[in-house]
Amino acid sequence: MKCKVCGAESGKYILCYSCNIKRQEGIIIKCEKCKKWHYADQKCENENNSKENNFLYQTKKSLITETEKEYYIAIKSALTADYQVFPQINLAAFIERTDRTRFRNELFRNVDFLITDLNYKPKIVIEINDKTHLESERKERDEKVKNICEEAGIPIIKLWTSYGVNYEYIKNKIQNTLSLLPIERIHHFNQNNIDIEQKTEQPEKKSEGACYIATCVYGSYNSPEVMILRKYRDNKLSKSIKGRIFVKIYYKISPILVKYFGTNKWFKKFWKKFLDKLINKLKKAYNEPGQQHLLF
């Protein structure tokens, strides 16, 4: 069920958790005139001129929902003066096709937020996901957007509403992603605009540069965590004989593991615990004098 006020996922309840708190504080009420839930200081719909009902189009109450406003504030606070954020941006506004086709329907999708530098160069896409993004149609749409952005070289950060607005987490996520730019572009489409297969067996078709288990765990080849591991591989492991042997064995075994166990929760949970520790260790080492060569 959607919240009657902000439209966020509210489970079986009329109001979401945030709006219910505001109801208890008297900020949100159920209007006796229109019998609808809205802010106490908001003009009742029944007070509007009845002639307005004759118009086919009308302006929305807000460009973004109340939930998105909370995330917008958190994202703004995480950015330095060198960056800016724009809500509800169409893909076609910052991504273009390299062929001359007139049909670009795949770009007529909105993303929740786009971070750019002061010259309006796109840097990061941020999507706010609720439970509706677990539905098959939304998953298909999200996968399409992810593939387009990865091909264009723009990383996506996904923030799930179920975890709430965590300022520190959002700040770290954004700053880590910015520090790893530019990202490696991934080829998802051919010149005939046909998706390259994204099946579980896909890692076997990639070059030996793919991070199979890490990509499976963190959901994207260009996630900040995977990029850190790739840099560690390229700048540390590949410099020694033992490291190169380990990498070669890894790329023989990991595609098979992902193929047969990649969809299992226990598999992702097991490896995420291990990889999180390794990534934190690499970050800590990077902050120590003389250890920057581990990643860069």
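In what follows, a residue is called buried when its relative accessible area is under 20%, exposed when that area is over 50%, and partly exposed in between, as found with a 1.4 Å probe and the protein chains only. With that in mind, K35 is exposed, with a relative accessible area of 59%.

Before going further, I should say that this is a predicted model, in which local features need a pLDDT of at least 70 and side-chain atom pairs count only at pLDDT 80 or more, while totals for chains, interfaces and linings use all residues. Residues are numbered from 1 along each chain as its sequence is written, and side-chain values use heavy atoms, with hydrogens and water left out.

Let me stay with the backbone for a moment. Most residues other than glycine have a negative phi, and most peptide bonds are trans. K35, in the loop between β1 (28-30) and β2, has a phi near 65 degrees, which is positive in a residue other than glycine. The helices and strands I name are DSSP runs, numbered from the N terminus, with helices being H or I runs of at least four residues and strands E runs of at least two. Q88, which lies in strand β3, also has a positive phi, of about 50 degrees, although it is not a glycine, and at 22% relative accessibility Q88 counts as partly exposed. The peptide bond from L181 to P182 is cis, with omega near -5 degrees, and P182 sits in the loop between α5 and α6.

That loop follows helix α5, so which residues of α5 are buried? They are I170, K173, I174, T177 and L178. Seen down the axis of α5, these buried residues fall within an arc of 125 degrees, so they line one face of the helix; the arc is that of the directions from the helix axis to the C-beta atoms. An α-helix has 3.6 residues a turn, so residues three or four places apart point the same way. By contact I mean heavy atoms within 4.5 Å, and the buried residues of α5 pack against α2, β3 (83-90), β4 (110-117), β5, β6 and α7 (224-235). As for its length, α5 (residues 167-179) has 13 residues and reaches 18 Å from its first C-alpha to its last, close to the 18 Å expected at 1.5 Å a residue, where the expected span is 1.5 Å times one less than the number of residues.

In the loop between α5 and α6 (212-218) we also find I183, which counts as buried at 8% relative accessibility. Leaving aside neighbours within four places in sequence, I183 is in contact with G153, I154, P155, N222 and M227. I183 and N222 are 39 residues apart in sequence, yet their C-alpha atoms are 6.7 Å apart in space. N222 is also touched by E150, along with R185, I186, H188, S220 and Y221, not counting residues up to four places away in sequence. E150 itself lies in helix α4 and, at 4% relative accessibility, counts as buried.

Now to the empty space. On a 1 Å grid over the protein atoms alone, a cavity is a set of points where a 1.4 Å probe fits but cannot get out, a pocket is an open set with protein on both sides within 12 Å along at least five of seven lines, and lining residues have an atom within 4 Å of a point. Grid points are joined across faces, edges and corners, and a volume is the space filled by probe spheres set on the points.

How many cavities of 30 Å³ or more are there? The count comes to two. The largest holds about 40 Å³, and its lining is made up of E127, N129, H133, R141, D142, V145, K146, I156 and K158. Helix α4 gives the most to this lining, with four residues. The second largest cavity, of about 30 Å³, is lined by C6, S18, C19, K22, E66, T67 and E70, with α1 (17-24) and α2 (66-78) each supplying at least two residues.

C6 and E66 appear again in the second largest pocket, where they lie nearest its centre together with G7, I64 and T65, among 38 lining residues. About 950 Å³ of space lies in that pocket, and the largest share of its lining, four residues, comes from α2.
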